Amino acid sequence: MTQILGFGGYVPERVMTNDDWAEIVDTSDEWITARTGIKERRFAAEDEATLDLAANAAEVAIKDAGLVAGDIGEIIVATDTPEVYTPDTASFLQHRLGCDNIPSYDLGGSGCAGFVQALDVARARIAFSPRNVLVVGVELISRLISWQERETCVLFGDGAGAVVVGPGESSPQLLDVVAGTDGSKTDILTLSTGGTRDPFTVETAASGAHQHLTMNGREVFKQAVGRMSEAVAEVLEHVGGTIEDVKLVIPHQANKRIIDAVGKKLGLREGQAFVNVDKFGNTGSASVPLALWQARDQGRIVEGDLVVLTAFGAGFHWAAAAIRF
Ligand SMILES: CC(C)(COP(=O)(O)OP(=O)(O)OC[C@H]1O[C@@H](n2cnc3c(N)ncnc32)[C@H](O)[C@@H]1OP(=O)(O)O)[C@@H](O)C(=O)NCCC(=O)NCCS
């Protein structure tokens, strides 16, 4: 049995509105709002990096669990925008939090599905060897993608979310997680320069290719709607629930139109899907834990509620989790 012991989140103070973007690239508040539902997002301050965002969210979650750093037995950080290339962000986080020599590692490259995948890993680790696992989703996307490419730059925001999970019979219970990958679709969302296939060079830097996020927006949209809807149905089948039993669906916050389309496909009631993409944009692997933390704090979830998380990301990955509060 896996219990969620604490929830946390953090967003940087700096607000970047659609009008702010319109001063930098050829776009408008009308276009961004109509196509995505995003009105503003948060961007990290110059002196903040991924570790700072992750540590802030982690500290909130550990405190919320009524624990201290010494009670954490393992750390998993889901991120595509790490503190440095090597070693992983989890190593820095372990030291910053003051957790003693515990296993700590990143789950990287899964895009926005990373946090829910990490939850799946965490529950398997707990079943094998009971311990409290800190699971963090963090992204500082504004620093690693091009600020000149209007097709992608307006979509994203920075932030972090975290949970502490551990062995236990009480609520909230992590009932089940499902996940999948279709590796034939690696090309629909990729930042391909900088790896061994296409190493970073002076020419790369000059051309800006290392910040060029290639995205087939329409295909990503289609895959996102199909895969998230299927994942929600699958996890509900596993736990013996129906969509009517669900109090709140917390989908990855990429685009309000994607959330609406998932809602239509699943036959969701008005307000049954949690939405904060208008305030934070797409915060990658931080989006689901950030939304979960907010939904709990806003009183949208109470004892006894069935909540379903679902996400998709570059890979192409998808996942869903069912939680009984
Ligand atoms: C990206 C997305 C918002 C585009 O919406 P869309 O309805 O597919 O857009 P369309 O293809 O109809 O329109 C594209 C047009 O808008 C233009 N455009 C793109 N970005 C723009 C912007 N920020 N401002 C103004 N115009 C923009 C394009 O240049 C193109 O112009 P053209 O028709 O003259 O060639 C949408 O496809 C989407 O959200 N996809 C999923 C993306 C996602 O979630 N990615 C992250 C995954 S983790």
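Thr33 lies in helix α2, which covers residues 29–36; helices (H or I, at least four residues) and strands (E, at least two) are DSSP runs, numbered from the N terminus. The model is predicted, with local features needing pLDDT of at least 70 and side-chain atom pairs counting only at pLDDT 80 or more, while totals for chains, interfaces and linings use all residues. Residues are numbered from 1 along each chain as its sequence is written.

Thr33 counts as partly exposed because it has 14 C-beta neighbours inside 10 Å, where 20 or more other C-beta atoms within 10 Å would make a residue buried and 12 or fewer exposed, with C-beta atoms placed from the backbone. Not counting residues up to four places away in sequence, Thr33 touches Asn18 and Lys39, contact being defined by C-beta atoms that lie within 7 Å. The C-alpha atoms of Thr33 and Asp278 are separated by 8.3 Å, although these positions lie 245 residues apart in the chain count.

Turning to the sheet, nine strands form an open sheet of mixed pairing, in the order β5-β4-β6-β7-β1-β8-β13-β12-β11, two strands being paired if DSSP finds at least two bridges between them. The edge strands β5 and β11 each have a single partner strand, so one side of each is left without a neighbour in the sheet. β11 pairs with β12 in the parallel sense over five bridges.

Helix α3 (residues 50–64) packs on the sheet and touches the four strands below.

| Strand | Residues |
|---|---|
| β1 | residues 2–10 |
| β4 | residues 74–79 |
| β6 | residues 133–139 |
| β7 | residues 159–167 |

Definitions and conventions: Two residues are in contact if their C-beta atoms, placed from the backbone, lie within 7 Å. Axes are lines fitted to C-alpha atoms, for helices over the stretch in contact, and angles run from 0 to 180 degrees between N-to-C directions.
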